[in-house]
Amino acid sequence: MLIELIIALICGVSAGTLTGILPGIHINLIGSILISASVGTLINISPIYLIVFIVAMSVVHTFIDFIPSIYLGAPQDGTELSILPGHELLKKGKAHEAVLITLLGSLIAIFLICFLSPLLIFTIPKLNSLIKPIIPFLLITISVFLVFQEKNKIFSALIVFLLAGILGLITLNLELKEPLLPLLTGLFGASSLIISIKQKTQIPKQKISTIKEIRLTKKDIISSGILSTFFSSVLGFLPAIGSGQIAVISSTFKKINNKQFLFSLGLINPFMMILSFLTIYTIGKGRTGSAVFIGEILGKISIEQIILILFVSLISGVIAFIIGIKLSKLFAKNIGKINYSKVSIFVLFFLLIIVTIFSGFLGTIIFIISTATGIYCIQSTVRRIQMMGCLLLPTIFLYLF
């Protein structure tokens with residue numbers, strides 16, 4: 001049994017590395033295929049092995065998916081807001097440092113949530129019962145808060161929020177496979193790529209930094225870590241609230257720079273992923289696709305199974321940290337040798353092909369419209385967090401109407 005568990009872990013780590021590094025290929029897609037196959041082809045495989053695979057894949061994905069976001073401007077879910085600070089560091093020859101910062105945050109998150117899991121298992125049901133009746137009002141409050149953070153650009157921020165929100169409402173009510181793929185890829189990925197192509201961005205030689213050379217003090221790490229952990233634990237139950245919103249909210253309580261923001265994003269992503277495994281155990285509701293898949297496979301989860309999930313998360317996180325460093329070094333050594341505009345054009349067409357394959361012609365139309373919306377947001381110089389209205393507004397409508 002131990003050998004089979006190790007094989008499942010290795011396969012999950014490999015799959016998570018691929019989904020993390022390839023723009024547009026999400027773990028939910030792999031999970032859906034796995035669930036379908038488990039009814040037929042994989043029916044004789046023990047559910048525990050499938051769980052180990054899904055957990056390892058999901059955790060590794062949250063570490064690795066910052067790499068294409070920072071180097072190529074092609075985000076996965078949860079890394080959308082890393083594009084701007086990551087891209088700025090890329091243009092300064094510090095993209096590897098940016099990735100190291102997110103990896104450090106992610107590694108700390110794994111140990112943090114494993115340590116806090118007994119407390120979270122105890123508090124999640126109580127917190128859920130407290131928050132559940134006021135979810136739409138909390139989402140409205142958060143949306144208003146994020147818009148008013150723009151100060152002198154409130155009107156522009158509101159326009160971007162509403163445009164993205166209406167687009168989200170339309171998209172999520174269409175009979176569309178993988179609706180978030182064209183929506184988020186266009187808003188946050190393709191729009192940034194087109195701007196880079198237009199500006200003919202030149203990438204300087206990248207410095208290969210070490211963890212010791214990251215200029216984050218222990219005080220910065222502790223303060224950002226405490227705020228990110230607190231808000232992830234409290235707001236992680238809310239639908240349509242991702243790592244980007246939580247990072248922005250936590251940053252309002254302490255003025256932070258781009259590096260600290262990347263650290264917060266890196267911490268929040270895996271923290272919320274594993275938190276979703278705890279919520280499927282405690283209240284039977286998954287905050288992520290991976291948690292939902294686990295719930296479908298196991299039904300009721302036992303304490304022994306949740307301990308296994310935490311153990312696999314810990315091992316996968318450490319492995320992902322090492323893989324992430326090696327992959328980032330590979331990108332850093334080669335990104336300056338190639339024509340970045342041509343790379344951006346290639347990635348743009350790759351995303352278009354992925355969207356067309358998985359979301360069809362209608363998805364392609366949504367991709368084009370969302371890309372135009374993303375470009376408008378960038379040119380309006382408002383923060384891209386406003387485009388998360390594409391998920392917030394539909395969720396608010398769902399709860400209110």
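Colleague: Hi! Starting with helices α7 and α11: is their crossing left-handed or right-handed?

Modeller: Hello! The crossing of α7 and α11 is left-handed. Keep in mind that we are looking at a predicted model.

Colleague: Noted. At roughly what angle do α7 and α11 cross, and within what distance do the axes come?

Modeller: Their axes cross at roughly 65° and come within 11 Å. Helix α7 covers residues 135-148, and helix α11 covers residues 243-251.

Colleague: Which residues make the contact?

Modeller: From α7 you have Ile142, Phe145 and Leu146. On the α11 side, Gln245, Val248 and Ile249 take part. By class, the contact of α7 with α11 has 5 nonpolar residues, 1 polar residue and no charged ones.

Colleague: While we're in α11, what about isoleucine 246? Buried or exposed?

Modeller: Isoleucine 246 sits in helix α11 and counts as buried, because its relative accessibility is 0%.

Colleague: What does isoleucine 246 touch, leaving out residues up to four places away in sequence?

Modeller: With those left out, isoleucine 246 touches Ser228, Phe231, Ser232, Leu235, Gly236, Ile241, Ile268 and Met272. Take leucine 235 from that list: it is 11 residues from isoleucine 246 in sequence, and the two C-alpha atoms are 7.4 Å apart.

Colleague: Nice. Switching to α12 and α13, how do those two run relative to each other?

Modeller: They are roughly parallel, because their axes cross at roughly 30° and angles under 35 degrees count that way. The axes come within 8 Å; α12 is residues 258-282 and α13 is residues 289-298.

Colleague: And what is the handedness there?

Modeller: α12 passes α13 in a right-handed crossing. The α12 residues in the contact are Met273, Ser276, Phe277 and Ile280, and they meet Ser290, Ala291, Ile294 and Gly295 of α13.

Colleague: How many of the residues in the contact of α12 with α13 are nonpolar, polar or charged?

Modeller: The split is 5 nonpolar, 3 polar and no charged residues.

Colleague: Where is serine 302?

Modeller: Serine 302 is in the loop between α13 and α14, the latter being 303-335. It counts as partly exposed because its relative accessibility is 25%. Serine 302 is 21 residues from tyrosine 281 in sequence, with 7.6 Å between their C-alpha atoms.

Colleague: New topic: backbone angles. What is the phi of lysine 151?

Modeller: Lysine 151 has a positive phi of about 60°, although it is not a glycine. For context, most residues other than glycine have a negative phi.

Colleague: Where does lysine 151 sit, then?

Modeller: Lysine 151 is in the loop between α7 and α8 (154-172). At 65% relative accessibility, lysine 151 counts as exposed.

Colleague: What about threonine 381?

Modeller: Threonine 381 also isn't a glycine and has a positive phi of about 60°. You'll find threonine 381 in the loop between α15 (340-380) and α16. Threonine 381 is partly exposed, with a relative accessible area of 48%.

Colleague: Moving on into α16, what does glycine 389 contact beyond its neighbours within four places in sequence?

Modeller: Beyond those neighbours, glycine 389 is in contact with Phe161, Ala164, Gly165 and Pro394. Glycine 389 belongs to helix α16 and counts as buried at 0% relative accessibility. Its C-alpha atom is separated by 8.1 Å from that of leucine 163, 226 residues apart along the chain.

Colleague: And threonine 395, buried or exposed?

Modeller: Threonine 395 counts as buried, because its relative accessibility is 11%. It lies in helix α16, residues 389-400. Leaving out residues up to four places away in sequence, threonine 395 touches Leu139, Pro239 and Ala240.

Colleague: Last one: how many disulfides are there?

Modeller: The count comes to 0 disulfides.

Colleague: Why is cysteine 390 not bonded to the closest cysteine sulfur?

Modeller: The closest cysteine sulfur, in cysteine 377, is 11 Å from the sulfur of cysteine 390, so that is too far for a bond. A disulfide would need the sulfur atoms within 2.5 Å. As for accessibility, cysteine 390 counts as buried, at 0%.

Colleague: Great, thanks for the tour!

Key. Residues are numbered from 1 along each chain as its sequence is written. This is a predicted model: local features need pLDDT of at least 70, side-chain atom pairs count only at pLDDT 80 or more; totals for chains, interfaces and linings use all residues. Side-chain values use heavy atoms; hydrogens and water are left out. Axes are lines fitted to C-alpha atoms, for helices over the stretch in contact, and angles run from 0 to 180 degrees between N-to-C directions. Helices (H or I, at least four residues) and strands (E, at least two) are DSSP runs, numbered from the N terminus. A crossing is left-handed if the near helix is turned anticlockwise from the far one by less than a right angle, and right-handed if clockwise. Contact means heavy atoms within 4.5 Å. Ala, Val, Leu, Ile, Met, Phe, Trp, Tyr, Cys and Pro count as nonpolar, Asp, Glu, Lys and Arg as charged, and the others, Gly among them, as polar. Buried means under 20% relative accessible area, exposed over 50%, partly exposed in between (1.4 Å probe, protein chains only).
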